Amino acid sequence: MDASVLLALRDPAGIPFYPVVFQALYILTWALHAAFVLLALGSMGLSIYGTFKQKDDSHWKILTPHLIQTGKLSISILIVLGVAPLLFTQVIYDPNWYVANTLSGMWVFIFIYTLLVGYILYYWYYYANKAKEGGGKLVGIVSFLVLVFAGILMHNFAVTSIMPNEWMNMYAPNGVVDTSGLTFNMDIPRLVFLVSLAIPVVGIFLQNYSRFLSTREDFSEDFVKYCAILGTKIGAVGLVISAVTFIIWMIEVGYLMNPLTIATIIGVLILLYMVYTNVNSYITTGVLVVVALLISSIRELIRFDIMTGLGYNIYDYPVNLELPSITMFLLTFVIMGFIGVAYLLTMAWKVGKTQGVFDGSKDKAVTRLGNYTLFIMSIWMVIYFGWGMVTLFKNIL
Ligand code: HEM
């Protein structure tokens, strides 16, 4: 692939801020997206196992609906969090993203419907299980497979986007233009590794779940202990599987001796020790976040190296500094985002820790955070729309 073709596909307007910032935000937000993809797939998969045990096992009677609920919420969060890396990737790697979306255009349409059908089926599964213990097995399995398929499609877009040398062959195999939009590429070790991470993630989730419930009197000690042991088993086995598949992927792409790879392997070993001993699963989760960021960085490094090798370096992307919009974005992201999320998390934490009904209006911290969030959102709307109107009228009048 000639670098001039790639460079010609860039946005002629340039980008509004330094590329390294978009790159860092891509790494961060993709890790967040992946965290909820893995929690969704892991809790969903385990809940299906639970539906087979739920009728006769008192522990699974409690655990199964909670896992179903976790998967249901995680899907909605993963969808919201998927948008962020999508935006950042199309800012700095627009040639890759748009070419992949054109070559696999039909799969992009199919992806949307796959997600819709998969999530609707999940709700069906949720209600069927709520109505009858052990209910919704088949629909749960189908929903799980449909959502895994959505992940495989995402994987196709990511892999196709980093194959610029092959694009011409995909576009016109043997010189005949193929407009079907059905281009499909897979890198099996990469996919298997990424999806396998769902196993340790649900294991660590179970350890957290058990730790969180340990202060509640309405959950028996026996149940809390059972979940912790189950989490340790699933987490440890899952980490070994993920470590092996990660090494196979790294050998395949030739990054085994890269410092990032070595740091990831060390991180996984530390995680294995922490999961096995289960002293404090909240700290284990902190280490998991670091490992997730390392994995996200490796994905980016692979793409960055492929692209610089072809003469496309994101750091050379023309920058057309636009301070007002970047300031607005960062203030929205940091101030509104953080306070809003802190409000929701504090409330969720306190609801879960309270026996009986939690009244947020009687809680000082929740009320204060709620008021701040409302106040900031109101100011944000005034500034956002006011500013938009001023810019619009300045341009057209
Ligand atoms: C159940 C639904 C989904 C699953 C299971 C899923 C899973 C995945 C997986 C496994 C990857 C990594 C692929 C790879 O690197 O090989 C990925 C990447 C990604 N996903 Fe998702 N995803 C889902 C939905 C979404 C949605 C709804 C969005 C956007 C709104 C999204 C945005 C992204 C983006 C931007 C990437 C990175 C692509 C790249 O680097 O080229 N995903 N997803």
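Modeller: Let me start with a definition: helices (H or I, at least four residues) and strands (E, at least two) are DSSP runs, numbered from the N terminus. This is a predicted model, in which local features need pLDDT of at least 70 and side-chain atom pairs count only at pLDDT 80 or more, while totals for chains, interfaces and linings use all residues. Residues are numbered from 1 along each chain as its sequence is written, and side-chain values use heavy atoms, with hydrogens and water left out.

Biologist: Thanks! Where is N174, then?

Modeller: N174 sits in the loop between α7 and α8. Its phi is near 55 degrees, a positive value in a residue other than glycine.

Biologist: Why is N174 called exposed rather than buried?

Modeller: Buried means under 20% relative accessible area, exposed over 50%, and partly exposed in between (1.4 Å probe, protein chains only). N174 has a relative accessible area of 81%, so it counts as exposed.

Biologist: What makes V177 partly exposed?

Modeller: V177 belongs to the loop between α7 (164–171) and α8. Its relative accessibility is 44%, so V177 is partly exposed. Contact means heavy atoms within 4.5 Å, and V177 is in contact with Y171 and A172 once neighbours within four places in sequence are left aside.

Biologist: How is N278 classed, and why?

Modeller: N278 is partly exposed because its relative accessibility is 21%. The residue lies in the loop between α11 (259–277) and α12. Its phi, near 45 degrees, is a positive value in a residue other than glycine.

Biologist: Let's turn to the ligand. Which residues come nearest to it?

Modeller: Y26, H33, H155, R190 and R299 come nearest, out of 23 residues around the ligand. A residue is near a molecule or strand if one of its heavy atoms lies within 4 Å of it.

Biologist: What makes the pair of R190 and the ligand a polar contact?

Modeller: A polar contact is a pair of N or O atoms within 3.5 Å; within protein, one must be able to donate a hydrogen and the other to accept it, and residues adjacent in sequence count only if both atoms are side-chain atoms. A polar side-chain atom of R190 lies 2.7 Å from an oxygen atom of the ligand. For H155, a polar side-chain atom is likewise 2.7 Å from a ligand oxygen atom. In H33, a polar side-chain atom is 3.0 Å from a nitrogen atom of the ligand. The elements that give two or more residues to the shell are α2 (19–53), α3 (58–92), α5 (105–131), α6 (137–161) and α8 (188–196). The largest share, 7 residues, comes from α6.

Biologist: How do you know which protein atom is a donor of the iron?

Modeller: Donors are N, O and S atoms within 2.8 Å of the metal (3.2 Å for Na, K and Ca), and sites may look incomplete because water is not among the atoms. NE2 of H33 is at 2.2 Å and is the only protein donor of the iron atom of the ligand. H33 lies in helix α2.

Biologist: S43 is in α2 as well. Why is S43 called buried?

Modeller: S43 is buried because its relative accessibility is 0%. Its side chain reaches the backbone oxygen of L39 at 2.6 Å and the backbone nitrogen of G71 at 3.4 Å. Not counting residues up to four places away in sequence, S43 touches L67, T70, G71 and V202.

Biologist: How do you know that the span of α5 agrees with its length?

Modeller: The expected span of a helix is 1.5 Å times one less than its number of residues. For the 27 residues of α5 that gives 39 Å, and the end C-alpha atoms are 40 Å apart, so the two agree. Its buried residues pack against α2, α3, α4 (94–103) and α6.

Biologist: And what caps the N-terminal end of α12?

Modeller: N280 does, with a side-chain oxygen 2.9 Å from the backbone nitrogen of Y282. Helix α12 (residues 281–309) reaches 42 Å from its first C-alpha to its last, close to the 42 Å expected. Just after α12, G311 takes a positive phi of about 90 degrees.

Biologist: E300 is in α12 too. Why does E300 count as buried?

Modeller: The relative accessible area of E300 is 2%, so E300 is buried. Its side chain makes a polar contact with the side chain of R303 at 2.9 Å. Residues that E300 touches, not counting those up to four places away in sequence, include Q23, Y26 and I314.
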